[in-house]
Amino acid sequence: MKIIDSHFHWWPRSIFEPLLKREGYPKAVVNARGGYTYHGANGRRGTVASWKEWFDLDEELAYMDSLGHDISVVCSIGPLSVYFSELPVEEGRDAALAWNEEMAWAQRRYPGRVWASAAVPLVDTRVAIDVLDDAVNRLGLMGVNLPGSVGKEGMIDDERLEPFYSRVEELGLPMFLHPTDAVFADLLQGYNDALHLSLGRVMEVSAAASRLILSGMMERHPGLKIVMSHTGGALPYQSGRMDKNSGTAGLPKPVSHYLHRMFTDTVSPHSAGMKFAIEYFGADNVMYGTDYPCWDPAVCLKLLEEIEMTPAVKQKIFHDNAVRILGLKMPAAAAA
């Protein structure tokens, strides 16, 4: 079976060169693991640390090959997606353009095996739309990354971003919603970040998705394709509570209606969590994803083997859903 990993990270080292030279925040420093540690705006808590496996796309794909499957990948940014919105407007625009050029290079180098998504700076709505249009129309990127917040200065449901979401809907692009460590690291500090890494990121993606629902953004833009990371965070488990307590938001439909319009991946180191995500969102709305190099795909594959699925459902989750949901253009050889 051909497999598509919908949650895969490759970071170009060139993106970090300007960060290493910045005197103020945000900035990055080289760490002892062969990667970088990112320090966000105003020196906030919630640093993002990477290691050497994030930066060599050839080696990453070689590891995919070692798993004994024909695996293609979809590159998204992950927790660094907030970086582009923590910079001054013009600097954030330039950083996003540089990221998008690197992603376009990866797609050209590995056609039909690597697809990549765009960075956008969200502090200025017009700039965000211009960068988005360039990424899609000139560079041919297949989606866009949505951070869980716009740093400390705004949220992704701000009214000023409505034209941006309208343009995303018009283009039919998937939006990859991923936590960024910019919101809950302060509240959940301690234990060498064990509490934040375990629960904070789950909380951020859950809160961010909820904002897109409760603000009416999903109601006003029924064509939005939101791809939540990490099996949808806490939302599938708290769907009934969301319906029970969200009447004050004035939505015409219960929150669960909009949740079921979202999509997610299989990134959960727990087969019961994977199974519940498939049951809650439906077999048509869940895509195989590993969060590599944050998590070992070999473990993900093993856990998925513990779940009883028909061959037709496996085909959807491992391949077909990603092609349909993400609008992947398959070269003839890759589709065969």
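Is W10 buried or exposed? Hi everyone, let's start with that one. W10 is buried, and its relative accessible area comes out at 5%. Before I go further, please keep in mind that this is a predicted model.

So who is W10's partner? W10 pairs with W105: the ring centres sit 5.8 Å apart and the planes meet at 40 degrees, so we call the pair tilted. If you'd like the reasoning, a tilted pair is one whose planes are neither under 30 degrees apart, which would be stacked, nor over 60, which would be edge-to-face. What I like here is that the pair links distant parts of the chain. W10 lies in the loop between β1 (2–8) and α1 (17–21), while W105 belongs to helix α4, residues 89–109, and the two are 95 residues apart. W105 counts as partly exposed, at 34% relative accessibility, whereas W10 is buried.

That pair has company, as the structure holds 18 aromatic pairs. There is also an aromatic cluster for you to find on the screen: W11, F16, Y36, W51, W54 and F55 form it together.

Now let's move to another residue, T290. Where is T290 found? Look in the loop between β11 (286–287) and α12 (297–305). With a relative accessibility of 0%, T290 counts as buried. Its side chain makes a polar contact with the side chain of D5, at 2.5 Å. Leaving aside residues up to four places away in sequence, T290 touches D5, H7, V267, W295, P297 and C300. So D5 appears twice for T290, as a polar partner and in that list of neighbours.

Finally, let's zoom out to the whole chain. The protein chain has 14 helices and 11 strands. Its radius of gyration is 19 Å, close to the 20 Å that the globule rule gives for 336 residues, so the chain is as compact as a globular protein of that length. Along the principal axes, the C-alpha trace spans about 55 × 50 × 45 Å.

How much of the chain counts as buried? The figure is 57% of the 336 residues, and W10 and T290 are among the buried ones. As for the surface, the protein chain exposes about 13800 Å², with carbon and sulfur atoms supplying 54% of it.

One last number, on contacts. Taking those in the protein chain with a separation of 6 or more, 72% are between residues 24 or more positions apart. The W10 and W105 pair, at 95 residues apart, is a nice one to look at with that in mind. Thanks for listening!

Methods: Residues are numbered from 1 along each chain as its sequence is written. This is a predicted model: local features need pLDDT of at least 70, side-chain atom pairs count only at pLDDT 80 or more; totals for chains, interfaces and linings use all residues. Side-chain values use heavy atoms; hydrogens and water are left out. Rings of Phe, Tyr and Trp (its six-membered ring) pair if their centres lie within 6.5 Å; planes under 30 degrees apart count as stacked, over 60 as edge-to-face and the rest as tilted. Helices (H or I, at least four residues) and strands (E, at least two) are DSSP runs, numbered from the N terminus. Buried means under 20% relative accessible area, exposed over 50%, partly exposed in between (1.4 Å probe, protein chains only). A polar contact is a pair of N or O atoms within 3.5 Å; within protein, one must be able to donate a hydrogen and the other to accept it, and residues adjacent in sequence count only if both atoms are side-chain atoms. Contact means heavy atoms within 4.5 Å. The radius of gyration is taken over C-alpha atoms; the globule rule is 2.2 Å times the number of residues to the power 0.38. Accessible areas come from the Shrake-Rupley method with a 1.4 Å probe; for residues, only the protein chains shown count as cover.
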